[in-house]
4 protein chains.
Amino acid sequence: MLVKEMIESHPDVGGDMNPQLVAVIVSAYRCAQACTSCADACLAEESVADLRQCIRSDLDCATICTATGEAASRRTGSNEALLRELLEVCRSACRTCAEECERHAGMHEHCRICAEACRSCEAACADALPTIGR
Amino acid sequence: MLVKEMIESHPDVGGDMNPQLVAVIVSAYRCAQACTSCADACLAEESVADLRQCIRSDLDCATICTATGEAASRRTGSNEALLRELLEVCRSACRTCAEECERHAGMHEHCRICAEACRSCEAACADALPTIGR
Amino acid sequence: MLVKEMIESHPDVGGDMNPQLVAVIVSAYRCAQACTSCADACLAEESVADLRQCIRSDLDCATICTATGEAASRRTGSNEALLRELLEVCRSACRTCAEECERHAGMHEHCRICAEACRSCEAACADALPTIGR
Amino acid sequence: MLVKEMIESHPDVGGDMNPQLVAVIVSAYRCAQACTSCADACLAEESVADLRQCIRSDLDCATICTATGEAASRRTGSNEALLRELLEVCRSACRTCAEECERHAGMHEHCRICAEACRSCEAACADALPTIGR
């Protein structure tokens, strides 16, 4: 990901880059892709009927992580209160999806990898929250 | 929008459709389109330099409303706690964008119409929140 | 949808609004929502294992219709060659999804309604293509 | 990106992974983020009025690359004809955006980096097209 270089080159950012926010952006796009793939892989499993909740959690998490990656990439003007709220919902979506994927991680490698991507994005959101002013 | 018909035909919904949630889905897609258009119209105005914050609010609101319309359309399995959090961030994004667009509504018709779409989606989220169980 | 009012208020559009493009925007958002709902309703059906291809077509069509609704809403500057290509892929995605949903329309009301939304968006794209200059 | 691991763990893919398609997915998400950042950085520049076309190209390219990354991540069932069309429109969107960003690359580091991300995604789409059967 080129996220750090892109954020550093923003005219309003200059030397004052927030590395925790960069980590959120990287993790959120990565998690969005993993969840999109995991939903699709679950759909192809023989046991698809047992994976409905996992597919739905994956799709919700992909939707919310994509939105978070996009909104967190925008630095012009600012609305830190809104960004805080979005990081909180992203953290929740990732935790929910990780808990569901972890239940299937022993059976399905895609669930195991996806759960790790979710936990990593959940942690990135938690680390960034204290750095975003109200 | 076909939202009501689609939600009613979901096997888990049956006669127990939530009209407030249907209203959120309709309003969220409508607001996403209005904000995408308003951002683009602001970009074409001579006074674009004065509309930076409006463009950013529009883009954030479009991103969040699209995510909300998608996630609220999913009824399989359930995660009402996550949906509540998403409705709260959507309500905030709409209020923020409405406040910004209202500042330019006297000058720019697209800001006036967009502010109305945002206020309508903000109200739909507020009305739906008490109907979503924890 | 407020699409017509939003597009008319764009400073570069003035009296020269393209009604076929407005119809694409309305149809594309509507189809994106219908496909998102249909994928989720299919996932909840007992016969989910027989609906895998339908779910995938729905998700692809939702993704592409959302992108088309967004990009077609932008009028600043212009890139009509790119818009043409996007309308062509949107028409294909809608046709593919309609064909799949029509196979299940007798069994599942959500597939029947979704197929109609896809056919309507397919037709809107076909109608708009000759109006977009190269 | 975990793309390779996710695609390999899909039950329908097995040992038959397509490395060119993996490269498209990685490049498309990366380009989507770079274009979202570049649009926002252009919006913050003093010369924003001269960067309108660049902002629009960035937003269109971000929209189309996100859709491509998502749809290309899905391997269940199949629709290779649709995937081909989508790779073609993604290649066009990336070329258009690269050409525009390259005009400002000497002035704005964010345009220089973004143009590289677009050229890289354009090349990944071109490389993958011959590998996707009709």
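A polar contact is a pair of N or O atoms within 3.5 Å, where within protein one atom must be able to donate a hydrogen and the other to accept it. The exercises below apply this to a predicted model.

**Exercise 1.** Locate Arg74(A), decide whether it is buried or exposed, and describe its polar partners in chain B.

*Solution.* Begin with the position along the chain: Arg74(A) sits in the loop between α3 (52–72) and α4 (80–103) of chain A. Next, take the relative accessible area, which is 7% for Arg74(A); because buried means under 20%, this residue counts as buried. Then list the neighbours, leaving aside residues up to four places away in sequence: Arg74(A) touches Arg56(B), Leu59(B), Asp60(B) and Thr63(B), and also Thr36(D) and Asp40(D). Turning to the polar partners, the side chain of Arg74(A) has a polar atom 3.5 Å from the backbone oxygen of Leu59(B), and its side chain is joined to that of Asp60(B) by a polar contact of 2.5 Å. Finally, within chain A, Ile7(A) is 67 residues from Arg74(A) in sequence, while their C-alpha atoms are 8.9 Å apart in space.

**Exercise 2.** Describe the extent and the make-up of the interface between chain D and chain A.

*Solution.* First count the residues: chain D and chain A each bring 35 residues to the contact. The area buried between them is about 3000 Å², and carbon and sulfur atoms give 69% of it. On the side of chain D, the residues that lose the most area to chain A are Leu2(D), Met6(D) and Gln33(D), which together account for 22% of what that side buries. Now assign the elements: α1 (3–8), α2 (19–44), α3 (52–72) and α5 (109–128) of chain D each supply at least two residues of the side that touches chain A, and α2(D) gives the most, with 13 residues. By class, this side of chain D has 17 nonpolar, nine polar and nine charged residues. As a last step, check the pairings: between chain D and chain A there are zero salt bridges, whereas five residue pairs are in polar contact across the interface, both residues being at pLDDT 80 or more.

**Exercise 3.** Work out how chain D and chain A are related in space.

*Solution.* Chain D is superposed on chain A by a rotation of 180° with 0.0 Å of shift along its axis, at an RMSD of 0.0 Å. The two copies are therefore related as by a two-fold rotation axis. Within chain D, the residue that comes closest to this axis is Tyr29(D), whose C-alpha lies at 3.4 Å. To finish, compare the surfaces: 100% of the contact residues of chain D recur in chain A, so the same surface serves both copies.

Conventions:
Residues numbered from 1 in each chain as written. Chains lettered and ligands numbered in written order. Predicted model: local features only at pLDDT ≥ 70, side-chain atom pairs only at ≥ 80, totals over all residues. Heavy atoms only, no water. Contact = heavy atoms within 4.5 Å. Buried area = accessible area lost by both parts, 1.4 Å probe. Salt bridge = Lys/Arg side-chain N within 4 Å of Asp/Glu carboxyl O. Helix = DSSP H or I, 4+ residues; strand = E, 2+ residues; numbered from the N terminus. Nonpolar A, V, L, I, M, F, W, Y, C, P; charged D, E, K, R; others polar. Buried < 20%, exposed > 50% of the residue type's maximum accessible area, 1.4 Å probe, protein only. Least-squares fit on C-alpha atoms with pLDDT ≥ 70 in both.
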